[in-house]
Amino acid sequence: GDTMDVDGGISSQISERITSTSEVLQSRRTKRTIRPTLATKEEVQKYEQIQSQTGLHTTTQPGLTCLDISLNQEQILTGGIDKKAVIYNRSSSKKEGEIKHTKSVSAVKFHPSNGSLITAGGNQIKISTKSGRGFKSSMIQSHKADVTGIDIHPCGDYLISSSRDKTWGFHDLESASTVVQPEFGNELECIQFHPDGVILGA
């Protein structure tokens, strides 16, 4: 397939951060053993639904497009056709808030460590943190067409995005800025980092 060349776009500091993270994660992964508590195929086949929820998004524009679950599995972040991302708490069975976009929400992510929420709708990516009863958001708007996917680098500092504008973006989360945005040649529908963070696929 096509290669994604980013030579000259990634600084040595970022490259070192990515490489050091990969080395740590790779060393852990190679030593990892299969847990005895891992569910078997037969156990998975017996899984049953234990909870469902309706009414998080507007009924005039029904439909969920994406979701993510927090690391502690207490919160669920959903994106909808109604241009909203909604945070739902499983324990309290209550909606904790919502983040509004100007178009249907296409991708959502919980940041694994700092509590922020990453959501994409149209060509906008919002990085939101809780502020009082609402949210304070920074915005990345480097794509010229709809964002189709997002993923957070394992180190937690960077974000990648795919878009129908035939580019993918590498962004710094702290500054909400785009580091590099190479052209790919085709519309991209999704993007994801390898668990070690050195390779990505789109």
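A residue is taken here as buried when its relative accessible area is under 20%, as exposed when that area is over 50%, and as partly exposed in between. The structure described is a predicted model, and the values below were computed from it.

By the cut-off just given, His-111 counts as buried, because its relative accessibility is 7%. The residue is located in the loop that runs between strand E5 (105-110) and strand E6 (117-121). Two polar contacts involve the side chain of His-111: one reaches the backbone oxygen of Gly-156 at 2.7 Å, and in the other a polar atom of the side chain lies 3.2 Å from the backbone nitrogen of Asn-114. When neighbours within four places in sequence are left aside, His-111 is in contact with Ser-116, Ile-152, Gly-156 and Leu-173, so that Gly-156 appears in this list as well as in the polar contact with the histidine side chain.

The chain as a whole comprises two helices and 14 strands. Its radius of gyration is 18 Å, which agrees with the value near 17 Å that a compact globule of 202 residues would have. The C-alpha trace spans about 45 × 45 × 35 Å along its principal axes. Of the 202 residues, 37% count as buried, and among contacts between residues at least 6 apart in sequence, 41% join residues at least 24 apart. The chain exposes about 12,400 Å², of which carbon and sulfur atoms supply 48%. There are 23 positive and 23 negative side chains, and the centres of these two sets lie 8 Å apart.

A second buried position is Thr-78, which has a relative accessible area of 4% and therefore falls under the 20% limit. Thr-78 belongs to strand E2 (residues 75-80), and its side chain is joined to that of His-57 by a polar contact of 2.7 Å. The two residues are 21 apart in sequence, while their C-alpha atoms are 8.9 Å apart in space. Beyond the neighbours within four places in sequence, the contacts of Thr-78 include Leu-56, Leu-64, Cys-66 and Leu-67, together with His-57 itself. Further contacts of Thr-78, again with those neighbours left aside, are made with Lys-84, Ala-85, Val-86 and Val-108.

Asp-196 is likewise buried, since its relative accessible area is 5%. Asp-196 is found in the loop between strand E13 (192-193) and strand E14 (200-201), where its side chain takes part in a polar contact of 2.4 Å with the side chain of Arg-29. Apart from neighbours within four places in sequence, Asp-196 is in contact with Thr-21, Ser-22, Leu-25, Gln-26, Arg-29 and Pro-154, and Arg-29 is thus both a listed contact and the partner in the side-chain polar contact.

Two lysines in loops were also examined for their backbone geometry. Lys-83, in the loop between E2 and strand E3 (84-89), has a phi near 75°, a positive value in a residue other than glycine. Its relative accessibility of 34% places Lys-83 in the partly exposed class, because that value lies between the limits of 20% and 50%. Lys-166, in the loop between strand E10 (158-163) and strand E11 (168-172), has a positive phi of about 70° although it is not a glycine. With a relative accessible area of 41%, Lys-166 is partly exposed as well.

How values were computed:
Residues are numbered from 1 along each chain as its sequence is written. This is a predicted model: local features need pLDDT of at least 70, side-chain atom pairs count only at pLDDT 80 or more; totals for chains, interfaces and linings use all residues. Side-chain values use heavy atoms; hydrogens and water are left out. Helices (H or I, at least four residues) and strands (E, at least two) are DSSP runs, numbered from the N terminus. The radius of gyration is taken over C-alpha atoms; the globule rule is 2.2 Å times the number of residues to the power 0.38. Buried means under 20% relative accessible area, exposed over 50%, partly exposed in between (1.4 Å probe, protein chains only). Contact means heavy atoms within 4.5 Å. Accessible areas come from the Shrake-Rupley method with a 1.4 Å probe; for residues, only the protein chains shown count as cover. Lys and Arg count as positive and Asp and Glu as negative; His and the chain ends are not counted. The place of a charge is taken as NZ of Lys, CZ of Arg, CG of Asp or CD of Glu. A polar contact is a pair of N or O atoms within 3.5 Å; within protein, one must be able to donate a hydrogen and the other to accept it, and residues adjacent in sequence count only if both atoms are side-chain atoms.
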